[in-house]
Amino acid sequence: LDEPTNGLDPAGRRAMLDLIRSLHRDFGKSVILSSHLLDDVARVCDSIVIIDGGRVLAHGRIDVLKAHLRGRYRLRLEGDAAPFIARLREAGVSVREEPVLGSSETELVADVPPGFRPRRFFEVLAELDGARRATSAAGGGGPVLRGLVPDEERLEDVFRRVVAAGAPREVGLAG
């Protein structure tokens, strides 16, 4: 199918994507879908082929191609994040700050080393809180964790990354 949702309104687009998905799920049919609308591709496909300039640069299961970011988390903190960031860096975590516009919160992008468990984020906060309480009678507020989610690439990000690398490769076709 070449651009099967081209020119459709939102309801028609959703119906077409549901039909394509049901061809595989309900009837066991394989469908080859060509589209630059990568959100549509992500909704109905398990595997993809990334082509640039007539060259196949990557192919494989979408979940495997997205595995690039396993070990990356987005954290949202309120308060002074500096001590928290320093402790994470001591633990081998690469941390990048991204200010949240119109908010007193800070978003952190944290790339964790192998074996790092997400509960360690909470342990570091508890350690900081304990140290703060032990040294301050006033108690002051330490950083408060408002959000923690694994970071995941969108299919568009995968496409950009693969095209930027430019070298053909096969990724996880099994399964």
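pLDDT is the predictor's confidence in each residue, on a scale from 0 to 100. The model shown in these close-ups is predicted, and its pLDDT averages 86 over the protein.

**Figure 1. Confidence varies from element to element in this predicted model.** Welcome to the overview. Of the residues, 90% score at least 70 in pLDDT. Among the elements, helix α1 (residues 10-27) has the highest mean value, 94. At the other end of the scale sits strand β7 (residues 169-171), whose mean of 55 is the lowest. It is worth keeping these two values in mind while browsing the views below.

**Figure 2. Helix α4 turns one face inward.** Three residues of α4 (residues 82-90) are buried: Phe 84, Ile 85 and Leu 88. Looking down the axis of α4, the buried residues fall within an arc of 100°, so they line one face of the helix. Their cover includes three strands, β3 (72-78), β4 (94-99) and β5 (105-111), together with helix α5 (119-135). After α4 comes Gly 92, which has a positive phi, near 90°.

**Figure 3. A salt bridge within helix α1 pairs Asp 18 with Arg 21.** Side chains of opposite charge can pair when their charged atoms come close. Here the N to O distance is 2.5 Å. Both residues belong to helix α1 and stand three residues apart, which is about one turn of the helix. Asp 18 is partly exposed, with a relative accessible area of 34%. Arg 21 is also partly exposed, and its value is 24%. This pair is one of the 20 salt bridges that the structure holds.

**Figure 4. Arg 74 and Glu 98 form a salt bridge between two strands.** The closest N and O atoms of the pair are 3.0 Å apart. Arg 74 lies in strand β3 and Glu 98 in strand β4, so the salt bridge ties together parts that are 24 residues apart in sequence. How exposed is each partner? Arg 74 has a relative accessible area of 23% and is partly exposed; Glu 98, at 24%, is partly exposed too.

**Figure 5. Helix α6 carries a salt bridge between Asp 157 and Arg 160, and a salt-bridge network is found elsewhere in the model.** In the pair, the closest N and O atoms are 3.6 Å apart. Asp 157 and Arg 160 both lie in α6 (residues 155-165), three residues from each other, or about one turn of the helix. The relative accessibility of Asp 157 is 24%, which counts as partly exposed. Arg 160 counts as partly exposed as well, at 46%. Turning to the network, salt bridges with shared partners join Arg 74, Arg 76, Arg 96, Glu 98, Glu 105, Glu 107 and Asp 151.

**Figure 6. Ser 35 is a buried residue in a loop.** The loop in question runs between α1 and α2 (38-44). Is Ser 35 buried or partly exposed at 17% relative accessibility? Since buried means under 20% relative accessible area, Ser 35 counts as buried. Its side chain makes a polar contact with the side chain of Glu 3, at 3.4 Å. The side chain of Ser 35 also reaches the backbone nitrogen of Leu 37, at 2.9 Å. With neighbours within four places in sequence left aside, Ser 35 is in contact with Glu 3 and Val 41.

Conventions. Residues are numbered from 1 along each chain as its sequence is written. This is a predicted model: local features need pLDDT of at least 70, side-chain atom pairs count only at pLDDT 80 or more; totals for chains, interfaces and linings use all residues. Side-chain values use heavy atoms; hydrogens and water are left out. Buried means under 20% relative accessible area, exposed over 50%, partly exposed in between (1.4 Å probe, protein chains only). Helices (H or I, at least four residues) and strands (E, at least two) are DSSP runs, numbered from the N terminus. The arc is that of the directions from the helix axis to the C-beta atoms. Contact means heavy atoms within 4.5 Å. A salt bridge is a side-chain nitrogen of Lys or Arg within 4 Å of a carboxyl oxygen of Asp or Glu. A polar contact is a pair of N or O atoms within 3.5 Å; within protein, one must be able to donate a hydrogen and the other to accept it, and residues adjacent in sequence count only if both atoms are side-chain atoms.
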